[in-house]
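Biologist: I should like to learn how to read the side-chain features of a protein model. Could we take them one at a time, with the general idea before the case?

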Amino acid sequence: MNKLIITILIFCTSILSAQWSQQNSNVTTELSSVYAVNKNVAWVCGFGSTIIRTKNQGANWQKVDGNGFNGIPSNVNLESIVGFDSNTAIVSGVQGTNTWVWKTTNGGANWNEVFYQFNGFINGVCMLNQTTGFIIGDPVGGRWSLFKTTNAGNTWDSAGMYLPAGGLSEGGWNNSFFSISPRIWFGTNNSRIYYSTNDGANWSIQSTTPEINSFALWFSENLYGLSGGTTNLMETSNNGLNWVSMPAAGTGNIGGVTTLNLPVDFPSVVIWYVRISSSSIYSSFNGGANWMTEYTNPVGNYRHISNAALGSGIWAVGTNGCISYRQPIVSIIPISTVNPERYSLSQNYPNPFNPTTTIKFAIPKAGYVSVSVFDVSGRELEMLVNEELQAGTFEVKWNAATYSSGVYLYKLTAGNYTETKRMTLVK
């Protein structure tokens, strides 16, 4: 058996060993959208003006919708949410023929109205960075509702973003949008996916898909993308210029899809998706060639699933206030089970790197081990290892695709031993 096959088997074993768990949302309303800022901070919105937030990986969820005095009318169905950090978030909602966008900067204690539209439906908000973002809504007056902010969502403007609708009944879906600057995509109920390649300066029809509806979208930085339809997933390997059907398990509209980018020596992507009428989470570890039901929750049916914007960790949300969480997933590869003489943390390689690097460490006896990544200010960004390990030598990969160039620190903690080293990301 060659080294690549051994590595793949070990990696699959590492992924499969991670567990889904139910978290207590402290609400019973239908939850429609989840956005995870990082492995610790996540925001969730739902019907009945519901907004909840966690700052500790879901160990505790707090209701942060202002207790009815926050500027959000009662019984608004909140459709989509995006978080900046643990204090700042933007949410969109609809009630009858009215649609709004609100923003908080104090952890949800107060929400300020930053956008209103009559006779529309805002499907969601996507942010390209901390200041620039877009509102994407159903067509009004024959044109798509596209609005841009350049001041972190405080004000919105539609100037220069005229995009005519493809028919009177064309519309979009909440959570059916994705952005990797300078590209933005959003799905429709008309076999079309619209896109911009220049941060929203121009918009066009990118392509038509094999399915009429695109309920969910996900893209990577290496041209690969997925769209969830009524029956199947759809797959693209050229940023959405062409789509092919990918048979999928279960029945019902695919309300959310997300993936895990694997190390360079792994031949496929790992995919998770949820169907709106199902309580199951489906997964594939070979790019959609085979599917399995990875988890079924006992509470309700799912509406949305999302991976953390920075780092890893996956949340899925749905009816009856259900929230399911999958632990952060990394590849811990044992290099040797021979007991090393001492604790050690090696210099990462390659270094400098872009965007993936490998960290090697040794522990002379079994015990709890953590390996974390920090920025130069000492703020923890990701915990790559957080578990009991047997004595031996190990490798763990860090994918810094979502981080900017700069110097980062990584720290090994095992028993009473700690060691920290520096590494440099150059893009």
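**Reading the side chains**

Modeller: Let us start with accessibility: Tyr417 is partly exposed, with a relative accessible area of 22%. Buried means under 20% relative accessible area, exposed over 50%, and partly exposed in between, using a 1.4 Å probe and protein chains only. This is a predicted model, in which local features need pLDDT of at least 70 and side-chain atom pairs count only at pLDDT 80 or more, while totals for chains, interfaces and linings use all residues. Residues are numbered from 1 along each chain as its sequence is written, and side-chain values use heavy atoms, with hydrogens and water left out.

Biologist: How many salt bridges does the structure hold?

Modeller: The general idea is a side-chain nitrogen of Lys or Arg within 4 Å of a carboxyl oxygen of Asp or Glu. The structure holds 5 salt bridges. One of them joins the side chains of Glu294 and Arg326, at 2.6 Å from N to O. This pair links distant parts of the chain, 32 residues apart: Glu294 belongs to strand S24 (residues 292–296) and Arg326 to strand S27 (residues 323–326). Helices (H or I, at least four residues) and strands (E, at least two) are DSSP runs, numbered from the N terminus.

Biologist: Is Arg326 buried or exposed?

Modeller: Arg326 has 0% relative accessibility, so it counts as buried. Its partner Glu294 counts as buried too, at 18%. In another salt bridge, the closest N and O atoms of Asp375 and Arg379 are 3.1 Å apart, and Asp375 is buried, with a relative accessible area of 13%. Glu419 and Lys421 also meet through their side chains, at 3.5 Å from N to O; here Lys421 counts as partly exposed, at 22% relative accessibility.

Biologist: How many disulfides are there?

Modeller: A disulfide is a covalent bond between the sulfur atoms of two cysteines. The rule used here asks for a pair of cysteine sulfur atoms within 2.5 Å. By this rule the count is 0. Cys322 is in no disulfide, the nearest cysteine sulfur, that of Cys45, being 14 Å away.

Biologist: Why does Cys126 have no bond to the closest cysteine sulfur?

Modeller: The closest cysteine sulfur, in Cys45, is 15 Å from that of Cys126, which is too far for a bond. Cys126 counts as buried, at 4% relative accessibility, and Cys322 counts as buried at 1%.

Biologist: How should aromatic pairs be read, and how many does the structure hold?

Modeller: A pair of aromatic rings is described by the distance of the centres and the angle of the planes. Rings of Phe, Tyr and Trp (its six-membered ring) pair if their centres lie within 6.5 Å; planes under 30 degrees apart count as stacked, over 60 as edge-to-face and the rest as tilted. The structure holds 25 aromatic pairs. In one, the rings of Trp173 and Phe215 have centres 4.6 Å apart and planes at 50 degrees, so the pair is tilted. Trp173 lies in the loop between strand S12 (143–149) and strand S13 (177–180), and Phe215 in the loop between strand S16 (204–208) and strand S17 (216–219), so the pair ties together parts that are 42 residues apart in sequence. Trp173 is partly exposed at 29%, whereas Phe215 is buried at 7%.

Biologist: Which arrangement do the rings of Tyr343 and Tyr417 show, stacked or edge-to-face?

Modeller: Their centres are 5.1 Å apart and their planes lie at 15 degrees, so the pair is stacked. Tyr343 lies in the loop between strand S28 (332–336) and strand S29 (344–345) and Tyr417 in strand S35 (residues 417–425), so parts 74 residues apart in sequence are tied together. Tyr343 counts as buried, at 18% relative accessibility.

Biologist: Which residues have the most contacts inside the largest nonpolar core?

Modeller: A nonpolar core is a set of buried Ala, Val, Leu, Ile, Met, Phe, Trp, Tyr and Cys residues joined through side-chain atoms within 4.5 Å. The largest has 25 residues, and those with the most contacts inside it are Phe361, Ile363, Val369, Val385, Trp398 and Tyr408. Apart from this core lies another, of 15 residues, among them Ile72, Ile81, Val91 and Trp111.
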